[in-house]
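Trainee: Could we go through this model together, one question at a time? I would like to learn how each answer is reached.

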Amino acid sequence: MSGLMTAMTAVLCIAMLVAALVAIRVLGDKSLPIAILAAGLVSLLASVLFLILASPDVAMTEAAIGGGLTTFLFFFVLARIRSWEKGESEYDGEKHD
Amino acid sequence: MTGKSMIKRFLALLLLAGIGAMFASLLLAYVPDTDLNFTARYYAENTASDIGAANIVTAIIVTYRGLDTLGEVTVLFLASGIVGLVLSFGRKRDSTPRNLVPVGELLTTASQHLAPVIMLLGVYVFVNGHLTPGGGFQGGAIIASGMLLLLLSDPLKRFSHTLIATVESFSGIAYIALGLIGLVLAGGFLDSRILPNGILGELISAGAIPLIYSLIGLKVGAEFSSMLTSLSETEDL
């Protein structure tokens with residue numbers, strides 16, 4: 001692996017770690033949509049990493065399913081939970097955590 | 001922030017650090033192989049002459065390990081079936097208009113132009129599965145992301161469940177039928193050599209692999225699309 005590739009991989013890994021910390025709501029904005037988007041970003045960067053590691057098949061799957069479909073699956077589920085919370089007025093869980 | 005959520009967050013971080021340590025030890029002990037092992041060498045040497053597929057990964061997935069792929073497709077089928085079953089209990093019979101956030105002009109215009117291209121790319125990926133990276137699963141997922149774009153630009157859009165179910169069942173039955181034909185005409189279940197191997201690297205080559213992978217692509221695309229449409233249709237209970 002050439003020096004440029006190594007440097008790029010290192011940058012990608014650091015970006016993935018930061019995105020993962022945002023996704024588990026340790027860093028940055030504590031809102032759930034941001035956390036979901038950060039989880040999608042981890043998948044997207046992982047797919048670039050798979051491409052660098054010479055496995056384009058895995059990279060395509062990761063980008064389409066991990067980065068695309070799973071992220072929006074979480075948003076669909078989040079919307080359903082929100083509408084359910086609105087229906088149950090006595091519910092006062094940690095939704096504004 | 002309450003003490004309880006602090007403990008929860010600390011435990012999550014601890015768990016992540018533990019998993020990270022496990023993978024770090026794996027990575028540090030990793031020594032790249034200098035030559036292929038026995039199975040890999042067999043695949044690398046014999047795929048071109050046996051199966052006629054330029055993409056060895058596809059030859060392994062569709063032919064050598066065809067039964068595993070059938071298992072994966074079955075898992076996905078069960079998952080989409082169960083999602084549809086669970087969500088169908090909450091489906092509204094009367095479709096009262098929802099007050100949705102208006103979709104931006106940018107998304108509407110872009111989805112009109114991009115969705116056909118994305119779906120075409122998905123078809124390209126699974127039709128060329130035996131030549132270029134990718135195949136049925138990747139192509140199907142790309143088609144489903146095209147569907148997702150259409151659903152995002154118009155959340156009230158309804159796709160025909162009959163069409164999705166027909167495509168899904170047809171490709172599933174045809175996939176199994178091709179496998180059974182392999183049992184009779186060639187070496188075993190899901191053997192791709194029921195059709196001539198052709199010239200290595202051409203679109204119509206590698207026996208039945210393009211046919212089988214197209215069916216898998218349609219099936220995976222239909223399954224993901226059915227999950228997405230069920231989720232979108234029952235978004236508010």
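**Confidence and two chains**

Trainee: In which helix of chain A is confidence highest?
Mentor: We judge this by pLDDT, the predictor's confidence in each residue, from 0 to 100. Helices (H or I, at least four residues) and strands (E, at least two) are DSSP runs, numbered from the N terminus. In chain A, confidence is lowest in helix α3 (residues 56-87), at a mean of 83, and highest, at 89, in helix α2 (residues 32-52).

Trainee: Which kind of model is this, and how are chains lettered?
Mentor: It is a predicted model, where local features need pLDDT of at least 70, side-chain atom pairs count only at pLDDT 80 or more, and totals for chains, interfaces and linings use all residues. Residues are numbered from 1 along each chain as its sequence is written, while ligands are numbered from 1 and chains lettered from A in the order in which they are written.

Trainee: Over which residues of chain A does pLDDT stay under 50?
Mentor: Chain A has a mean pLDDT of 80, with 87% of its residues at 70 or more. Where pLDDT is low, the predicted coordinates should not be read in detail. In chain A, pLDDT stays under 50 over residues 89-97.

Trainee: How many helices does chain A have?
Mentor: Read from the N terminus, the elements of chain A run α-α-α. Chain A has zero strands, and its helices number three.

Trainee: Is A:A54 buried or exposed?
Mentor: A:A54 sits in the loop between α2 and α3 of chain A, and its phi is near 65 degrees, a positive value in a residue other than glycine. A residue is buried if 20 or more other C-beta atoms, placed from the backbone, lie within 10 Å of its own, exposed if 12 or fewer, and partly exposed in between. Because A:A54 has 8 C-beta neighbours inside 10 Å, it counts as exposed.

Trainee: Which helix supplies the largest share of the side of chain B that touches chain A?
Mentor: Two residues are in contact if their C-beta atoms, placed from the backbone, lie within 7 Å, and 20 residues of chain B are in contact with 18 residues of chain A. On that side of chain B, α1 (3-28), α6 (136-153) and α8 each supply at least two residues. The largest share, seven residues, comes from α6(B).

Trainee: Are α5(B) and α6(B) roughly parallel or roughly antiparallel?
Mentor: Axes are lines fitted to C-alpha atoms, for helices over the stretch in contact, and angles run from 0 to 180 degrees between N-to-C directions. Angles under 35 degrees count as roughly parallel, over 145 as roughly antiparallel, 65 to 115 as roughly perpendicular and the rest as oblique. The axes of helix α5 (residues 105-127) of chain B and α6(B) come within 8 Å and cross at roughly 165 degrees. That is why the pair is roughly antiparallel.

Trainee: How many nonpolar residues does the contact of α4(B) with α8(B) have?
Mentor: The axes of α4(B) and α8(B) come within 9 Å and cross at roughly 20 degrees, so the two helices are roughly parallel to each other. Residues making the contact include B:F77 of α4(B) and B:M227 of α8(B). Ala, Val, Leu, Ile, Met, Phe, Trp, Tyr, Cys and Pro count as nonpolar, Asp, Glu, Lys and Arg as charged, and the others, Gly among them, as polar. Besides four polar and two charged residues, the nonpolar ones in this contact number nine.
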